[in-house]
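Welcome! Take a moment to turn the structure around on your screen, and then read through the short briefing that follows.

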Amino acid sequence: MATVNVRRDVKDSFYRYKMPKLISKVEGKGNGIKTVVPNMAEIARALSRPPSYPTKFFGCELGAQVKCDDKNERYIVNGEHNAEKLQSVLDGFISKFVLCPACSNPETDLIIKGDDILMDCKACGARKPSDNRHKLATYILKNPPATASKNQRKQRKAATAQANGTDENGMPETIAEDGDGSDDDLITQRINKEAAGLKLESKLAQEEWSEDTSERAVAERMRELTVSGLVDEDEDGDNKYEAFGDWLEAQEDPDDAEITAKADELGVLGKYKAVQVLVQCIFDDNIATQIPKRAKLLRKFVTGEKHQKALLGGVERLVGLEHKDKLLKKLPVILMKIYDLDVVEDDVFIKWGEKPSKRYVDKDTSKEVKAAAKPFIEWVANAEEESSEEESD
């Protein structure tokens, strides 16, 4: 992936703050023409800002309507705009809402204090107001950054490490085509990038701004991405599911009672979203032997149709994204173990296996998973038909 300096007025090729070069993709024609920025999410991570902020800034500066689809990470500006034009507008956003007013360093976090937006600089320690007169300031006040400053800096470090050279396999990074309705496409891509690069030592590893790139640390970050990408925030704004996943990952081998108690404490017991987190945190490539041991726990968490779908979705991500080489061929056995627990209805199995879906993984991965599951799905379908005929007789 081509990169540019966050401050494009700085021509030093060794300038440490990098971001992906903006890419624009024009879609539609006539009155329906629009410009998609496929790599807006990557740019936003490099700037430590939510992707909706620069997208809304484009709308303010260009007088165009914008659409921010955070679930699918798809960001659109109405009208036809070339990449250089949008890159120039992005420079204005960086100047007003990213660079420290005192030292012009981009290592800042936004802090909302009353009706003011402050930029807290981690380089010089200054805390100065941003351009609170700009139209975007109103949007920021109504939609403050969703994550804490620590998590924002963590995202920025990872994005900068990617921007300074090759991808995890030592090859130039590429940008995947934007999805058209998936909840997890871009999240899945990030997981895959992390997984492929477990043995890569980042060039920034020795810098003050970098993070631990050991195999264990990267694996932990990959799991964090997986868990956080599974669910949306609760209605009260607290991502209890991510906290639940973090707790599960921190435990060596928690028993059923401990897991149930923690879920109840966090208020996620009985929630179908918690099932997705549970599956990916308590199971690994030995899931076929682990499922019977967790029978009581699964029956406690899986209490309705949504829970059943979430269970199969979690298995689809676990098999398709994390342990494909080891588990794809074993998928019918895994599904049979779940079937034996009688926690998933036959019609839920059948509906899940009917066709690929981008609900939990990318479509190509879903095709592979559903194809591997086909023998089991056909067996369930035939068993259900026979049962129906017997009842009719």
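Before we start, one term: two parts are in contact when they have heavy atoms within 4.5 Å of each other. For angles, an axis is a line fitted to C-alpha atoms, and the angle between two N-to-C directions runs from 0 to 180 degrees. Keep in mind that you are looking at a predicted model. The protein has 393 residues, and 48% of them are buried.

**The overall picture**

- The secondary structure adds up to 17 helices and nine strands.
- Among contacts with a separation of 6 or more, 63% are between residues 24 or more positions apart.
- About 19,700 Å² of the protein is exposed, and carbon and sulfur atoms supply 45% of that area.

**A sheet of four strands**

- Look for an open sheet made of four strands in the order 3-4-6-5, with antiparallel pairing.
- Which strands sit at the edges? They are strand 3 (25–27) and strand 5 (66–69), and each of them pairs on one side only.
- From one strand to the next, the twist averages 25°.
- Strand 5 is joined to strand 6 (residues 74–78) by four bridges, in the antiparallel sense.
- If you would like one position to find there, Lys67 stands opposite Ile76 in strand 6.
- Helix 2 (residues 52–62) lies across strand 5 and strand 6. Relative to strand 5, helix 2 runs at about 175°.

**Aromatic rings together**

- There are 11 aromatic pairs in the structure.
- Why is the pair Phe349 and Phe376 edge-to-face? The ring planes are at 75°, with the centres 5.1 Å apart, so the pair is given that name; the cut-off for edge-to-face is over 60 degrees.
- This pair links distant parts of the chain: Phe349 belongs to helix 16 (residues 346–353) and Phe376 to helix 17 (residues 363–392), 27 residues apart.
- Are these two residues buried or exposed? Phe349 counts as buried because its relative accessibility is 0%, and Phe376 counts as buried because its value is 4%. The cut-off for buried is under 20%.
- Ring pairs also build a cluster, linking Tyr339, Phe349, Phe376 and Trp379.

**Charges over rings**

- Lys370 has its charged end over the ring of Trp352, 5.0 Å from the ring's centre.
- Where does Arg359 lie? Arg359 is over the face of Tyr360, at 5.4 Å from the ring centre.

Definitions and conventions
Residues are numbered from 1 along each chain as its sequence is written. This is a predicted model: local features need pLDDT of at least 70, side-chain atom pairs count only at pLDDT 80 or more; totals for chains, interfaces and linings use all residues. Side-chain values use heavy atoms; hydrogens and water are left out. Two strands pair if DSSP finds at least two bridges between them. Helices (H or I, at least four residues) and strands (E, at least two) are DSSP runs, numbered from the N terminus. Buried means under 20% relative accessible area, exposed over 50%, partly exposed in between (1.4 Å probe, protein chains only). Accessible areas come from the Shrake-Rupley method with a 1.4 Å probe; for residues, only the protein chains shown count as cover. Rings of Phe, Tyr and Trp (its six-membered ring) pair if their centres lie within 6.5 Å; planes under 30 degrees apart count as stacked, over 60 as edge-to-face and the rest as tilted. A charge sits over a ring if NZ of Lys or CZ of Arg is within 6 Å of the ring centre and within 35 degrees of the ring normal.
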